[in-house]
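Good morning, and thanks for making the time. I will go through one structure today, starting with its sheets and ending with the ligand. Please have the view open as I talk.

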Amino acid sequence: ATMPPLLAAIANAGKRGVLVKSAVAVEQLGTVDAVAFDKTGTLTEGTPHVVGITTDEKEDEVLALAAAAEQFSEHPIGRAIVEAARQRDLVVPSATGFRATPGIGVTARVGHRTVSVHRADSSPNDNTTVVVTADHRQIGVIELADRLRPSSGQAVRDLAVLTGRNPVLLTGDNHLAAQRVANAVGIIDVRAELLPQDKVRAVGEIGGRVLFVGDGVNDAPALATAHSGIAMGRKGSALTVDTADAVVVGDDLAVVPALVALARRARRVVI
Ligand code: ADP
Ligand code: MG
């Protein structure tokens, strides 16, 4: 039996590891003319690890408090901090009143103190840097590093060829960390230290029919407003997966340009 082309495209994409949610989503993907990528968890693997702690107090104490505040966090930074504490066999105190603010950080009540782990105003180098505070006093700085996905550079180049425009990088991370990833994958237009709403605005500024590829809950608003949205599904947030037009099931970003090309061919057949 022959399937209608749009459904055939969905089935085909599924075999390659992208779930496309509807025929309308194929249509949208087939008309994108610009691409924007999130950094952490999208161009990078999204499993950062702690590479340094700077503090005047005891490193382990700062890490244990940070892990306490992050223990309910779904953010890759939070998971990395909890994992680092586990690797050092630290006793992580319990916490109450956990609150996460997308693009900013977390705060929780740990014992009699309010502990927060949040973005830093500046970074000493091109690692991701977060600040730990207790009762609003800075007690330490934690540095994290993440690995690039091996497929990111090729995906960026293929999408540049397909759309005729070099993709853009939109991230909540600091400028130096953003620039390092941009250099590694060949992205020139880099916008860093963006809050979720700043990503929405940036998508608008890029202009045209933008495909946004992201993973985090901080990416959901931008995914929702972009012409087309693709979520990284393996470690991506549930909200982002729900908001996207298509979901990358595995780890390979090569499926993104492949999907755009497939969607274009499917449209051509229909029209
Ligand atoms: P990206 O756009 O690179 O995926 P996010 O918007 O999720 O990044 O986060 C931007 C910045 O906000 C992080 O680099 C970090 O400084 C801070 N941040 C976000 N969530 C957390 C968290 N759970 N713990 C500490 N810092 C966080
Ligand atoms: Mg992200």
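In which order do the strands of the open sheet of 7 strands come, and what is the pairing? The order is S1-S13-S12-S11-S2-S9-S10, and the pairing is mixed. The edge strands are S1, residues 18–20, and S10, residues 189–191, and each of these pairs on one side only. From one strand to the next, the twist averages 20 degrees. I should say now that this is a predicted model.

Let me stay with this sheet and look at some pairs inside it. Strand S2 covers residues 34–38 and strand S11 covers residues 210–214; the two pair in the parallel sense, over 4 bridges. If you want a place to look, find Phe 37, which stands opposite Val 213 in S11. S11 is also joined to S12 by 4 bridges, and these two run parallel. Here the residue to find is Phe 212, whose bridge partner in S12 is Gly 229.

S12 itself deserves a moment. In a regular strand, side chains alternate between the two faces of the sheet. So what is covered in S12, one face or both? Both faces are covered: Ser 228, Ile 230 and Met 232 are buried on one side, and Gly 229 and Ala 231 are buried on the other. Put as a count, 5 of the 5 residues of S12, which spans 228–232, are buried.

Now the other sheet. This open sheet has 6 strands in the order S3-S8-S7-S6-S5-S4, and its pairing is antiparallel. S3, residues 49–54, and S4 stand at the edges with a single partner strand each, so one side of each has no neighbour in the sheet. Neighbouring strands of this sheet are turned by 20 degrees against each other on average, direction ignored.

We can walk across part of this sheet. S7 is joined to S8, residues 137–145, by 7 bridges, and the two run antiparallel. Within that pair, Thr 133 has Gln 138 in S8 as its bridge partner. S6 and S7 pair in the antiparallel sense over 5 bridges, and Val 117 stands opposite Val 132 in S7. S5 and S6 are likewise antiparallel, over 6 bridges, with Thr 107 opposite Ser 116 in S6. S5 and S6 form a hairpin with 2 residues between the strands, and in that hairpin Gly 111 takes a positive phi near 60 degrees.

At the edge of the sheet is S4, residues 96–101, which contains Thr 101. How exposed is Thr 101? Thr 101 counts as partly exposed because 14 other C-beta atoms lie within 10 Å, between the limits of 12 or fewer for exposed and 20 or more for buried. To get a sense of distance, compare Thr 101 with Ser 151: they are 50 residues apart along the chain, and their C-alpha atoms are separated by 30 Å.

One helix goes with this sheet. H5 lies across S3, S5, S6, S7 and S8, and runs at about 75 degrees to S3.

Next, the domains. The protein is divided into domain 1, residues 5–45 + 147–270, and domain 2, residues 49–145. Their C-alpha centres lie 29 Å apart. The contact takes 14 residues from domain 1 and 11 residues from domain 2. On the domain 1 side, H3 and H7, the latter at residues 175–185, each supply at least two residues. H7 gives the most to that side, with 4 residues. By type, the domain 1 side divides into 5 nonpolar, 7 polar and 2 charged residues.

Last, the ligand. Which residues are the closest to ligand 1? They are Thr 40, His 75, Gly 105, Arg 119 and Gly 172, out of 24 residues that surround ligand 1. The shell divides into 6 nonpolar, 13 polar and 5 charged residues. Domain 1 and domain 2 each contribute at least three residues to the shell. As for elements, H3 (39–43), H5 (76–87), S5 (105–110), S6 (113–119) and S7 (128–134) each supply at least two residues of the shell. Several of these names have come up already: H5 also lies across S5, S6 and S7, and H3 also supplies residues to the side of domain 1 that touches domain 2.

That is the tour.

Key:
Residues are numbered from 1 along each chain as its sequence is written. Chains are lettered from A and ligands numbered from 1 in the order in which they are written. This is a predicted model: local features need pLDDT of at least 70, side-chain atom pairs count only at pLDDT 80 or more; totals for chains, interfaces and linings use all residues. A residue is near a molecule or strand if its C-beta atom, placed from the backbone, lies within 6 Å of it. Ala, Val, Leu, Ile, Met, Phe, Trp, Tyr, Cys and Pro count as nonpolar, Asp, Glu, Lys and Arg as charged, and the others, Gly among them, as polar. Domain bounds come from an automatic or database domain assignment. Two strands pair if DSSP finds at least two bridges between them. Axes are lines fitted to C-alpha atoms, for helices over the stretch in contact, and angles run from 0 to 180 degrees between N-to-C directions. Two residues are in contact if their C-beta atoms, placed from the backbone, lie within 7 Å.
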